[in-house]
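This report looks at how a protein meets the two DNA strands modelled with it. Start with the view below.

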Amino acid sequence: MAKLGQEFYNRDTVEVARSLLGKELVRVWHGEDLVCRITETEAYVGRMDKACHAYGYRRTGRTETLFAPPGTAYIYLIYGMYCCLNFVTEPEGEPCAVLIRGAAPVQGGERMARGRFGCSPGEMTAYQKKHFLNGPGKLCMALHLTREQNGLDLTGSELYVRDSGCVPHQIYAGRRIGIDYAEEAAEFPWRFWI
DNA sequence: CTTCAGATGCTCT
DNA sequence: GAGCATCTGAAGA
(Lines give C-alpha, C1' and ligand atoms only; values in the text may rest on other atoms or scores of the structure.)
Protein backbone atom coordinates (compact mmCIF):
# COMPACT_ATOMS: atom_id res chain seq x y z
CA MET A 1 0.00 0.00 0.00
CA ALA A 2 1.03 3.57 -0.67
CA LYS A 3 3.32 5.50 1.64
CA LEU A 4 1.66 8.69 2.87
CA GLY A 5 3.24 11.83 1.42
CA GLN A 6 3.74 15.31 2.81
CA GLU A 7 0.23 16.38 1.68
CA PHE A 8 -1.26 13.94 4.19
CA TYR A 9 0.46 15.70 7.10
CA ASN A 10 0.00 19.20 5.69
CA ARG A 11 -3.58 19.43 6.99
CA ASP A 12 -5.52 20.31 10.13
CA THR A 13 -3.87 18.48 13.04
CA VAL A 14 -7.09 17.03 14.46
CA GLU A 15 -7.98 15.69 11.01
CA VAL A 16 -4.57 14.07 10.69
CA ALA A 17 -4.90 12.53 14.15
CA ARG A 18 -8.23 10.97 13.19
CA SER A 19 -7.15 9.75 9.79
CA LEU A 20 -3.97 8.12 11.13
CA LEU A 21 -6.09 5.52 12.92
CA GLY A 22 -5.89 2.16 11.17
CA LYS A 23 -2.83 3.15 9.13
CA GLU A 24 0.37 1.13 9.28
CA LEU A 25 3.48 2.57 10.91
CA VAL A 26 6.67 1.13 9.43
CA ARG A 27 10.05 1.33 11.12
CA VAL A 28 12.98 -0.17 9.22
CA TRP A 29 15.54 -1.42 11.71
CA HIS A 30 18.64 -3.40 10.76
CA GLY A 31 17.10 -4.07 7.36
CA GLU A 32 13.85 -5.48 8.72
CA ASP A 33 10.38 -3.93 8.59
CA LEU A 34 8.79 -3.50 12.02
CA VAL A 35 5.12 -2.82 11.32
CA CYS A 36 2.18 -1.94 13.55
CA ARG A 37 -1.32 -0.58 13.02
CA ILE A 38 -2.02 2.76 14.72
CA THR A 39 -4.89 2.53 17.22
CA GLU A 40 -4.58 5.65 19.38
CA THR A 41 -3.48 9.25 18.69
CA GLU A 42 -3.58 12.73 20.19
CA ALA A 43 -3.54 16.15 18.50
CA TYR A 44 -1.36 19.05 19.73
CA VAL A 45 -1.84 22.50 18.20
CA GLY A 46 0.87 25.00 19.13
CA ARG A 47 -0.86 28.26 18.28
CA MET A 48 -3.62 27.88 20.91
CA ASP A 49 -3.10 24.64 22.87
CA LYS A 50 -1.55 25.00 26.34
CA ALA A 51 -0.73 21.29 26.34
CA CYS A 52 1.56 21.65 23.33
CA HIS A 53 5.30 22.06 23.95
CA ALA A 54 5.27 24.90 21.39
CA TYR A 55 2.21 26.66 22.80
CA GLY A 56 2.06 30.25 21.60
CA TYR A 57 4.82 29.51 19.06
CA ARG A 58 7.31 28.98 21.88
CA ARG A 59 10.58 28.17 20.21
CA THR A 60 13.34 26.46 22.22
CA GLY A 61 15.91 23.77 21.61
CA ARG A 62 13.38 21.03 22.17
CA THR A 63 10.51 22.52 20.17
CA GLU A 64 12.67 23.36 17.16
CA THR A 65 11.55 20.15 15.41
CA LEU A 66 7.90 21.24 15.63
CA PHE A 67 8.73 24.12 13.29
CA ALA A 68 10.01 21.71 10.63
CA PRO A 69 7.93 20.86 7.52
CA PRO A 70 4.86 18.62 7.89
CA GLY A 71 5.77 14.95 7.76
CA THR A 72 8.72 15.23 10.15
CA ALA A 73 9.13 12.93 13.17
CA TYR A 74 9.24 14.77 16.52
CA ILE A 75 10.67 12.49 19.21
CA TYR A 76 11.43 13.72 22.72
CA LEU A 77 12.43 12.26 26.08
CA ILE A 78 9.80 12.20 28.80
CA TYR A 79 10.16 11.49 32.53
CA GLY A 80 13.87 10.97 32.08
CA MET A 81 13.61 7.53 30.51
CA TYR A 82 10.97 7.16 27.82
CA CYS A 83 10.50 8.57 24.34
CA CYS A 84 7.34 9.73 22.58
CA LEU A 85 6.81 9.65 18.82
CA ASN A 86 4.93 12.48 17.06
CA PHE A 87 4.33 13.53 13.47
CA VAL A 88 4.61 17.23 12.62
CA THR A 89 1.50 18.56 10.87
CA GLU A 90 0.08 21.69 9.16
CA PRO A 91 2.04 24.13 6.97
CA GLU A 92 5.67 24.69 7.96
CA GLY A 93 5.93 27.25 10.76
CA GLU A 94 2.78 26.07 12.53
CA PRO A 95 4.21 24.07 15.46
CA CYS A 96 1.66 21.24 15.56
CA ALA A 97 1.94 17.47 15.88
CA VAL A 98 0.12 14.21 16.42
CA LEU A 99 1.31 11.96 19.26
CA ILE A 100 1.17 8.24 18.49
CA ARG A 101 -0.14 6.71 21.71
CA GLY A 102 -0.89 3.12 20.79
CA ALA A 103 -0.75 0.43 18.11
CA ALA A 104 -1.20 -3.24 17.36
CA PRO A 105 1.66 -5.44 16.09
CA VAL A 106 1.54 -6.53 12.43
CA GLN A 107 5.04 -7.66 11.46
CA GLY A 108 8.48 -7.95 13.03
CA GLY A 109 7.25 -9.26 16.37
CA GLU A 110 10.55 -10.89 17.22
CA ARG A 111 12.50 -7.63 17.15
CA MET A 112 9.67 -5.65 18.70
CA ALA A 113 9.51 -8.07 21.65
CA ARG A 114 13.30 -7.82 22.02
CA GLY A 115 13.12 -4.04 22.15
CA ARG A 116 10.22 -4.00 24.54
CA PHE A 117 10.97 -6.86 26.98
CA GLY A 118 14.36 -8.21 25.92
CA CYS A 119 12.81 -11.58 25.13
CA SER A 120 11.27 -13.43 22.18
CA PRO A 121 7.50 -13.27 21.49
CA GLY A 122 7.08 -16.84 22.74
CA GLU A 123 8.41 -15.86 26.14
CA MET A 124 5.97 -13.01 26.63
CA THR A 125 3.35 -13.48 29.33
CA ALA A 126 -0.33 -13.02 28.57
CA TYR A 127 -0.20 -9.74 30.47
CA GLN A 128 2.74 -8.51 28.39
CA LYS A 129 0.97 -9.42 25.14
CA LYS A 130 -2.12 -7.52 26.19
CA HIS A 131 -0.10 -4.40 26.97
CA PHE A 132 2.44 -4.72 24.16
CA LEU A 133 2.13 -1.40 22.29
CA ASN A 134 -0.61 0.44 24.20
CA GLY A 135 1.36 3.51 25.24
CA PRO A 136 3.66 6.08 23.62
CA GLY A 137 6.74 4.98 25.56
CA LYS A 138 6.04 1.31 24.93
CA LEU A 139 5.70 1.93 21.19
CA CYS A 140 9.09 3.62 21.01
CA MET A 141 10.76 0.82 22.95
CA ALA A 142 9.36 -1.82 20.61
CA LEU A 143 10.28 0.11 17.47
CA HIS A 144 13.74 1.02 18.76
CA LEU A 145 13.02 4.73 18.44
CA THR A 146 15.08 7.22 20.45
CA ARG A 147 15.91 10.89 20.15
CA GLU A 148 18.46 9.90 17.52
CA GLN A 149 15.50 9.59 15.17
CA ASN A 150 14.17 13.05 16.07
CA GLY A 151 13.76 15.08 12.88
CA LEU A 152 13.47 12.08 10.53
CA ASP A 153 11.60 12.72 7.30
CA LEU A 154 8.48 10.54 7.21
CA THR A 155 8.51 10.55 3.41
CA GLY A 156 11.90 8.79 3.57
CA SER A 157 12.56 5.06 3.80
CA GLU A 158 13.55 4.61 7.46
CA LEU A 159 10.30 5.53 9.19
CA TYR A 160 6.96 6.12 7.46
CA VAL A 161 3.21 5.51 7.47
CA ARG A 162 1.31 3.69 4.75
CA ASP A 163 -2.29 3.05 3.90
CA SER A 164 -3.41 -0.35 5.13
CA GLY A 165 -6.59 -0.63 3.08
CA CYS A 166 -8.71 -1.00 6.19
CA VAL A 167 -10.96 1.82 7.38
CA PRO A 168 -11.90 2.00 11.08
CA HIS A 169 -15.58 1.25 11.51
CA GLN A 170 -15.77 3.35 14.67
CA ILE A 171 -13.63 6.13 16.10
CA TYR A 172 -13.84 7.21 19.74
CA ALA A 173 -12.79 10.61 21.06
CA GLY A 174 -11.98 11.85 24.58
CA ARG A 175 -9.72 14.05 26.64
CA ARG A 176 -6.00 13.72 26.35
CA ILE A 177 -3.83 11.93 28.92
CA GLY A 178 -1.31 13.38 31.34
CA ILE A 179 -1.85 17.10 30.63
CA ASP A 180 -3.84 18.26 33.66
CA TYR A 181 -1.59 21.32 33.85
CA ALA A 182 -3.01 22.65 30.56
CA GLU A 183 -6.12 24.33 32.06
CA GLU A 184 -8.97 24.60 29.52
CA ALA A 185 -6.96 22.71 26.90
CA ALA A 186 -6.98 19.63 29.15
CA GLU A 187 -10.66 19.21 28.26
CA PHE A 188 -10.27 19.31 24.48
CA PRO A 189 -11.50 15.97 23.03
CA TRP A 190 -8.36 15.51 20.99
CA ARG A 191 -7.50 11.93 21.83
CA PHE A 192 -8.76 9.42 19.31
CA TRP A 193 -8.81 5.64 19.35
CA ILE A 194 -10.41 2.66 17.67
C1' DC B 1 -9.13 -5.55 38.82
C1' DT B 2 -7.20 -1.09 41.52
C1' DT B 3 -3.89 2.24 43.55
C1' DC B 4 0.74 3.78 44.58
C1' DA B 5 5.70 4.83 44.73
C1' DG B 6 9.84 5.02 42.46
C1' DA B 7 12.84 5.31 38.58
C1' DT B 8 15.68 8.86 35.97
C1' DG B 9 17.55 12.84 33.16
C1' DC B 10 16.55 16.52 30.20
C1' DT B 11 14.50 21.19 29.56
C1' DC B 12 13.43 25.60 30.83
C1' DT B 13 13.13 29.16 34.59
C1' DG C 1 15.52 23.51 41.14
C1' DA C 2 10.90 22.04 39.47
C1' DG C 3 8.31 19.50 36.58
C1' DC C 4 7.40 16.40 33.01
C1' DA C 5 2.33 14.19 26.49
C1' DT C 6 5.31 7.35 31.23
C1' DC C 7 5.99 2.65 32.79
C1' DT C 8 6.67 -1.05 36.06
C1' DG C 9 6.20 -3.96 40.00
C1' DA C 10 4.24 -4.63 44.37
C1' DA C 11 0.49 -4.78 47.29
C1' DG C 12 -4.45 -4.84 48.32
C1' DA C 13 -9.45 -5.62 47.17
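A polar backbone atom of R62 sits 3.4 Å from a phosphate oxygen of DNA strand B. This is a predicted model, and the distances here are computed from it.

**DNA strand B**

R62 has company around DNA strand B: R58, T60, G61, L77, Y79, G80, M81, K130 and R147 also surround this strand. Of the strand B atoms that come within 4 Å of the protein, 66% belong to sugar and phosphate. By class, the surface near DNA strand B holds four charged, three polar and three nonpolar residues.

**DNA strand C**

Around DNA strand C there are 20 residues, and the closest are H53, N86, R116, G137 and Y181. Sugar or phosphate supplies 60% of the strand C atoms within 4 Å of the protein; bases supply the rest. The residues of this surface split into 12 nonpolar, five polar and three charged.

**Polar contacts**

Both strands have contacts with side-chain or backbone atoms.

| Residue atom | DNA partner | Distance |
|---|---|---|
| R58, polar side-chain atom | strand B, phosphate oxygen | 3.5 Å |
| G80, backbone N or O atom | strand B, sugar or linking oxygen | 3.2 Å |
| Y76, side-chain N or O atom | strand C, base nitrogen | 2.9 Å |
| Y82, polar side-chain atom | strand C, sugar or linking oxygen | 3.4 Å |
| R101, polar side-chain atom | strand C, phosphate oxygen | 3.3 Å |

Which elements give two or more residues to the surface near DNA strand C? They are β3 (73-78), β4 (82-89), β5 (96-107) and α5 (136-142). The largest share, four residues, comes from α5.

How values were computed
Residues numbered from 1 in each chain as written. Chains lettered and ligands numbered in written order. Predicted model: local features only at pLDDT ≥ 70, side-chain atom pairs only at ≥ 80, totals over all residues. Heavy atoms only, no water. Near = heavy atom within 4 Å. Polar contact = N/O pair within 3.5 Å; in protein donor to acceptor, adjacent residues only side chain to side chain. Nonpolar A, V, L, I, M, F, W, Y, C, P; charged D, E, K, R; others polar.
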